[in-house]
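Trainee: I am new to this structure. Please take one part of it and walk me through that part closely. Start with any term I will need.

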Amino acid sequence: MKREIPILLTVLCGLAITWAFFSQAEVSKAVNAELLSWAIIFFSVAFLLGISNLVRISLKQISSGHPDRIYKVVLLISLLGYLGVGIAEIHGLIDPVATGTTDSAGQVVFNDSAYQDWIYFRIYLPLQATMFSLLAFYIASAAFRAFRARSFEALLLLMAGAIVMLGQVPLGDTLTFDLASRWQDFLMKYINAAGQRAIIMGAAFGTLATGLRIVLGIERSYLSE
Amino acid sequence: MATVSNFDRRWIFLAMGVLVVTLYAAKSKSPAPQLEYVQAYYDTIEALPANSVVMLSADFDPASAAELLPMYQATIHHLMRKDIRIVNVATWPAAPPYTRTEFNRTAPQYGKTYGIDWVELGFLPGDDVAMALIGSSIGSAYSEDARKNEPLETFEIMNSLGDSFEGVDLLITMSAGYPGILEWLAQVGGRYSATILAGTTAVQTSDLYAFYPSQLNGFLGGATAATRYLELVAEQTPELVEARDINQNRIMIQEWAHMLILGLILVGNVLYFMGRGK
């Protein structure tokens, strides 16, 4: 029964979702919406599982004196601190009205999560922006060290990359007498789009075949078989 | 003699840093080139009649804000200037603080009322499942809004929209990756024959050409397209002139950064072949 019930559920849910895709009947729409709502509930529960697993592993590494334990402490403080502020604001333990959004007449329109937003805009946002902007430096360094015309294929890749980079900015057109953007357009619209479509179609057929195998109970790897 | 392997890469970091800071401080500007798919994005919104309903999905986080936030801001201005109503959703958990701030700032400029002209439904977990549910039944996806925590039926905009996606005239996603435009196309685009526009990072742009113009009516790919769109919208929206100028400065920085990288590739290859010759 440990195998049969999950397979039966998978087959039934798969068939119901497939039926809803093609049917216009109200009942099929209702079943579809209900199943999707369940999936979102499972997804949300997975967040809790993820958090509990993260806390468990971090605590284990802190207690065992792992070399990275200081980062685990920072992680736990950030995680629990932000969670705590959020829960406190939801339950009114911190008064968000004092910093609520007002309209042009000065009336409070929304009671925003002021403290959560402060953490978001003053800490999280600059950290993420900094991490992402570092890419500019690493891409420049990587281009110098690794982007080599070692073979004919690598030369083609290099030339395509150079054309797209030139075609993307006005200066590139100025330097190439308006050729860069035209060549870039040709590469992206025809060569790239044709390749992308072939890959997408291939992946779609693969997904369809895998989906059918799961719905028909042939593919059972999700049961760790 | 310097070789690629023993060259200290901190010189490259320094060159890039000096270049970016100098051009940023100089505030010199460069207009963006005309782009067909940006014009298509602009024209699709222009063609919408007043009181149409647009679902605007924020599928990004601060890491991609440099590219996507200017598009997002310009899109809200464009829609509100044309009296188009907006249903604001998000499939990325880090997006709502941004979207909230932008709506707080923009809606009063156009005298727009919450619940009538726009509504924020907020973040929905579940990635492409969430998108499928929004397409199938908005009422099943969201029981209440994210700003006032009140049932959807208390808002005029939601009552006129109804439960199905057929009431949505246009879907616009600001997409930084997964879940994003590719999932919206798969879950909602074909199934409900939805008209879709997208703003994406430059890295993701190459994926979109395969869908344009049949499934995707127009798109903004990267900072260059964002600037071009800002230029188009700012022509009739004075509130966006400052944002347009800032982005034109970014284009200037970007084009010289591109030149630096191309120069480095060239020098790297020359050194490589010189070293191989020996």
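Mentor: A residue is buried under 20% relative accessible area, exposed over 50% and partly exposed in between (1.4 Å probe, protein chains only). This is a predicted model: local features need pLDDT of at least 70, side-chain atom pairs count only at pLDDT 80 or more, and totals for chains, interfaces and linings use all residues. Residues are numbered from 1 along each chain as its sequence is written, chains are lettered from A and ligands numbered from 1 in the order written, and side-chain values use heavy atoms, without hydrogens and water.

Let us take the sheet of chain B. It is an open sheet of six strands in chain B, and the pairing is parallel. Read across, the order is β3-β2-β1-β4-β5-β6. Strands here are DSSP runs of E with at least two residues; helices are runs of H or I with at least four; numbering starts at the N terminus. Strands pair if DSSP finds at least two bridges between them. Find the edges next. They are β3 (118-123) and β6 (218-221) of chain B. Each of these two pairs on one side only.

Now move inward to β1 of chain B, residues 53-59. Its partner β2 of chain B covers residues 85-90. Six bridges join these two strands, in the parallel sense. Pick out B:M55: its bridge partner in β2(B) is B:V87. A helix packs on this sheet as well. It is α8 of chain B, residues 181-189. Helix α8(B) touches β1, β4 (170-175) and β5 (196-200) of chain B. Contact means heavy atoms within 4.5 Å.

Go back to β1(B) and look along the strand. B:S57 stands opposite B:V89 in β2(B). How many of the seven residues of β1(B) are buried? Seven of its seven residues are, so β1(B) is mostly covered. In a regular strand the side chains alternate between the two faces of the sheet. Check each face of β1(B) in turn. One side carries B:V53, B:M55, B:S57 and B:D59, and these are buried. The other side carries B:V54, B:L56 and B:A58, and these are buried too.

Next, the edge strand β3(B). Its B:E120 forms a salt bridge with B:R147, and the closest N and O atoms are 3.3 Å apart. A salt bridge is a side-chain nitrogen of Lys or Arg within 4 Å of a carboxyl oxygen of Asp or Glu. B:E120 lies in strand β3 of chain B, while B:R147 sits in the loop between α6 (138-141) and α7 (156-161) of chain B, so the pair ties together parts 27 residues apart in sequence. Is B:E120 buried or exposed? At 0% relative accessibility, B:E120 counts as buried. B:R147 counts as buried as well, at 7%.

Step away from the sheet to helix α4 of chain B, residues 96-106. Nine of its 11 residues are buried, so the rest of the structure largely encloses this helix. Among the buried ones are B:P96, B:Y98, B:R100 and B:F103. B:E102 is also buried, at 4% relative accessible area. B:E102 forms a salt bridge with B:R105, with the closest N and O atoms 2.7 Å apart. The two residues lie in α4 of chain B, three residues apart, about one turn of the helix. B:R105 is partly exposed, at 46% relative accessibility.

One more helix of chain B deserves a stop. It is α11, residues 241-277, and B:N247 is placed there. B:N247 counts as buried, at 4% relative accessibility. Setting aside neighbours within four places in sequence, B:N247 is in contact with B:P70, B:T227 and B:L230.

For context, look at chain A too. The whole structure holds 13 salt bridges over all chains. One of them joins A:K189 and A:D185, with the closest N and O atoms 3.8 Å apart. They are four residues apart in helix α7 of chain A, about one helical turn. A:K189 is partly exposed at 27%, and A:D185 is partly exposed at 29%. A network of salt bridges links A:D185, A:K189 and B:E36. Helix α7 of chain A also holds A:A209. A:A209 is partly exposed, at 38% relative accessible area. The C-alpha atoms of A:A209 and A:F42 are separated by 25 Å, and the two residues lie 167 residues apart along the chain.

How values were computed
Axes fitted to C-alpha atoms, helices over the stretch in contact; angles between N-to-C directions.
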